[in-house]
Amino acid sequence: MSQVTNGAVMAAEAESREFLVFSLGEEEYAIDILKVQEIRGYENVTRIANAPDFIKGVTNLRGVIVPIVDLRIKFHLESVEYGGQTVVIVVNVADRVVGIVVDGVSDVMTLTPEQIKPAPEFGVTLSSDFLSGLGSLDDRMLVLVDIDKLLTSEEMALVDSTSTR
Amino acid sequence: MDIADFFDTFFEEAEELLADMEQHLLELDVDNPDGEQLNAIFRAAHSIKGGAGTFGFSVLQKTTHILENLLDHARKGELVLRADLVDTFLEAKDIMHEQLDAYRNEEAPDQEAYERICHTLQQIALDEIGQTLEAPVAAPEPVAKPEELPSNEADHSQLIVALLNVSEKDRVLLVEELEQLGDVQAQSGDEKRYEVILNGDVSADDIEAVMCFIIEPEQIEITSAGDGHSAAASDVEQNSAKNAPVPTPSAPEPVKNPPVDAKQAAASSAKPKKAAAESSSIRVSVDKVDQIINLVGELIITQSMLDQTVSDLDDQSVSNSSLQNGMSLLQRNARDLQEAVMSIRMIPMEFVFSRFPRVVRDTAGKLGKEIELVTEGKSTELDKSLVERITDPLTHLVRNSLDHGIEMPDKREALGKPRTGKLILSARHQGGNILIEVRDDGAGMDRERLLAKARENGLNVSDAMTDEEVYQLIFAPGFSTAEAVTDVSGRGVGMDVVKRNIQGMGGRVEIQSKKGEGTNTRIVLPLTLAILDGMSIKVGGETFILPLSTVLESLQPTKNDMYAMAGDDVVLKVRDEYLPVIAIHEVLDVENAITDPTQSIAVIVQGEGRRYAMLVDELIGQQQVVVKNLEDNYRKVPGISAATILGDGSVALILDITGLHRLSRVKKEAGKVVNNQPISFYKEAEPS
């Protein structure tokens, strides 16, 4: 019951939105398409020493130095391989450009507010703070990631917490 | 380079500042003014005044000065704003703009408008806050005979300055100020009336300008010795004479326009030359230039990729040879384009430094000091955006040094120093930064005085503060230890702006000072977009860049030269010197690197005055690289100062020598740092 009311509240707040759906292993995730700048292959990444293992390094995106984060490592997926299919989604968050490595990009989905369910409390690896909900589409479930919150969070170590910017 | 080269820069800057000022004035909510906005308007006026003073545009300088005074009162809340006051300020801004145009066209600014606006502004000061600011201008009794002007000041070679109802404490300060203006012949009197006889080439106006910030103008009476008539009357008379046509270097001839309608006069004189004044340069936003630089970089990379493909073709047929010709042409054009684009941004520090001889000369002349200016590192190249933004803060710092730092020649002699003070401006690359220093051999800073002043201003200070912290106090808004506000400095706005500007560039200001020996103000700017001469090295399969300026030599270490020290430390003996060894593959966890030191190459580097031996696999060569900031999209990385993009489009990291050394120490202390504890590690490694 309470879920229904929550859903109704969210419906009042949001119109239907478009999401980019990508896969990590067997799971399907989605992020707000307005955050996505471009999609490119995984190549030419320069390793950064002493960085967390999910930060693969930095790459040159038309003259801009962009850090590359592998969400598969961050989410503790078992198989992490880099091949021709490995895709980097370049996103714009908090005035920064960041690339995230995923197993594949499937499609762009429009979700109506009714299709977005609140995320349950779970997960040590992925705190529900970083989720904007769960999308249900027929029999598929999409994990809607709040990419802003996730990438600027302390545990991602992407942003200088001490910086004066 | 000639000072005239900077006129255009000043005109453009002043125009922007005026536009800013107008916008802020228009947005200002008179009933509930925003303090920050008032500050912004005030700062714009202050900056224009400073620039106008530097270039000798005295009419503009004086107009701005009066306006600035009013704005100062407004931002302190002593002047209650009304819509009609804002209108007057806007009008003043328009007149300043006309004056600016006049100077740009090398004409004399409109005297009529100048006097009218000065009069109006002073009237406001008088009506609203009950004080005269500089001196009342007599009603547009315009265009006095020019020959009267310069000599007028000299006529009053002896003045009697009477201070009425001035406390002893203030009096001492005032007399000190007077001593700076001229020779104090005699002084006597009591609190009610204290007379100082002053010899020198000073006008009553100057004296008032100096004093009116300490005491009210009514408390000063200035009489020229030998003519006995009433103080107040002579006051006005002198001022009206002084405020009449002011001779300027660029406009020595008197204004010809008869006193018609001021506005009309301004319009008619400004119009015909407008077209000629169109500037031959355009201002482009730095973002656009950056974008072009990035795109050209991509173009070069695409071109070398194509080049590779074409050279792989074995078929030497005719169609291929024309393709190859086309490719080599493309290559040349692309390189030329890149060079041309890069040159837009990079200019040597000389561009900044060359405006200082004039600044120093003028300021020193005004203050009666003897100063020798030395510049070092003029060829240090700096990004244009940084050059533009460093000029103003640097001017403030130089003036500050001249005004507060270097003592009067007589005092210097008494202290056993040479009469001529020395001011050194230097620029150089250091670590991942550009270091610009303003050094003087003056009085240095007085810790106690700064602390006392800070307490007076209600700042939170304690005696336990370090010297560096105490010196930083001068950057607090509104902080000034100068007892009087002069044309040169002392209003406390400068230093606050200096710090703001430098922080805005991602830099910092440090002050080193020794009482009696001088002050060294160091501006440390990040290298963003500066070009770096680098030495590329290889470790394992990875390429890194060492700043060439840090590299002293390289050699192949032998077993006999390596000594183990307590723990894991290793030192390398190079010509009787033991240097700490930093193995890059250990510090940066590079795999597949050469681990046997005798098989690797030791590069001797110097950072912050210390030398280290860095073990690398291979030296690749020297090249110029464009420095890219890592912090834009990522964060500070210990041991890495920045990144760059290599010819093949990949990213190479630029090493920070001292950072690497610190990192290797931290690593050794922590044992092998495990990758999944990065956050605590980062915190330890980050410099405060």
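Across all chains, the structure holds 32 salt bridges. The model analysed here is predicted. One of the salt bridges joins the side chains of Glu22(B) and Lys93(B), with an N to O distance of 3.2 Å. This pair links distant parts of chain B, as Glu22(B) lies in helix α1 (residues 5–27) and Lys93(B) in helix α4 (residues 83–104), 71 residues apart. Glu22(B) is partly exposed, at 29% relative accessibility, whereas Lys93(B) is buried, with a relative accessible area of 5%.

A salt bridge within a single helix is formed by Asp72(B) and Arg75(B), whose closest N and O atoms are 3.0 Å apart. Both residues belong to helix α3 (residues 58–75) of chain B and are separated by three residues, about one turn of the helix. Asp72(B) has a relative accessible area of 7% and is therefore classed as buried, while Arg75(B), at 26%, is partly exposed.

A further salt bridge connects Arg439(B) with Glu437(B), the closest N and O atoms being 2.5 Å apart. Here Glu437(B) is buried, with a relative accessible area of 3%, and Arg439(B) is partly exposed, with a value of 24%. Both residues take part in a network of salt bridges that also links Glu376(B), Arg428(B), Glu510(B) and Arg522(B).

The contact between the two chains involves 31 residues from chain A and 34 residues from chain B. About 2,800 Å² is buried between chain A and chain B, and carbon and sulfur atoms give 50% of this area. One salt bridge is found across the interface; in this bridge the side chains of Arg47(A) and Glu542(B) meet at 2.7 Å, N to O. Nine residue pairs are in polar contact across the interface. On the side of chain A that touches chain B, strands β4 (55–61), β5 (64–70) and β7 (96–102) each supply at least two residues. The residues on this side comprise 15 nonpolar, eight polar and eight charged.

The largest nonpolar core contains 63 residues, of which Ile31(A), Ile89(A), Val91(A), Leu546(B) and Leu588(B) touch the most other members. Strand β6 (residues 87–93) of chain A provides the largest share of this core, four residues. Beyond residues up to four places away in sequence, the contacts of Ile89(A) include Leu20(A), Phe22(A), Ile31(A), Val36(A), Val98(A), Ile100(A), Val102(A) and Val105(A); Glu38(A) and Gly99(A) are also touched by Ile89(A). A second, separate core of 45 residues includes Ile347(B), Ile371(B), Leu386(B) and Leu525(B).

Notes
Residues are numbered from 1 along each chain as its sequence is written. Chains are lettered from A and ligands numbered from 1 in the order in which they are written. This is a predicted model: local features need pLDDT of at least 70, side-chain atom pairs count only at pLDDT 80 or more; totals for chains, interfaces and linings use all residues. Side-chain values use heavy atoms; hydrogens and water are left out. Contact means heavy atoms within 4.5 Å. Buried area is the accessible area (1.4 Å probe) that two parts lose on being put together, summed over both. A salt bridge is a side-chain nitrogen of Lys or Arg within 4 Å of a carboxyl oxygen of Asp or Glu. A polar contact is a pair of N or O atoms within 3.5 Å; within protein, one must be able to donate a hydrogen and the other to accept it, and residues adjacent in sequence count only if both atoms are side-chain atoms. Ala, Val, Leu, Ile, Met, Phe, Trp, Tyr, Cys and Pro count as nonpolar, Asp, Glu, Lys and Arg as charged, and the others, Gly among them, as polar. A nonpolar core is a set of buried Ala, Val, Leu, Ile, Met, Phe, Trp, Tyr and Cys residues joined through side-chain atoms within 4.5 Å. Buried means under 20% relative accessible area, exposed over 50%, partly exposed in between (1.4 Å probe, protein chains only).
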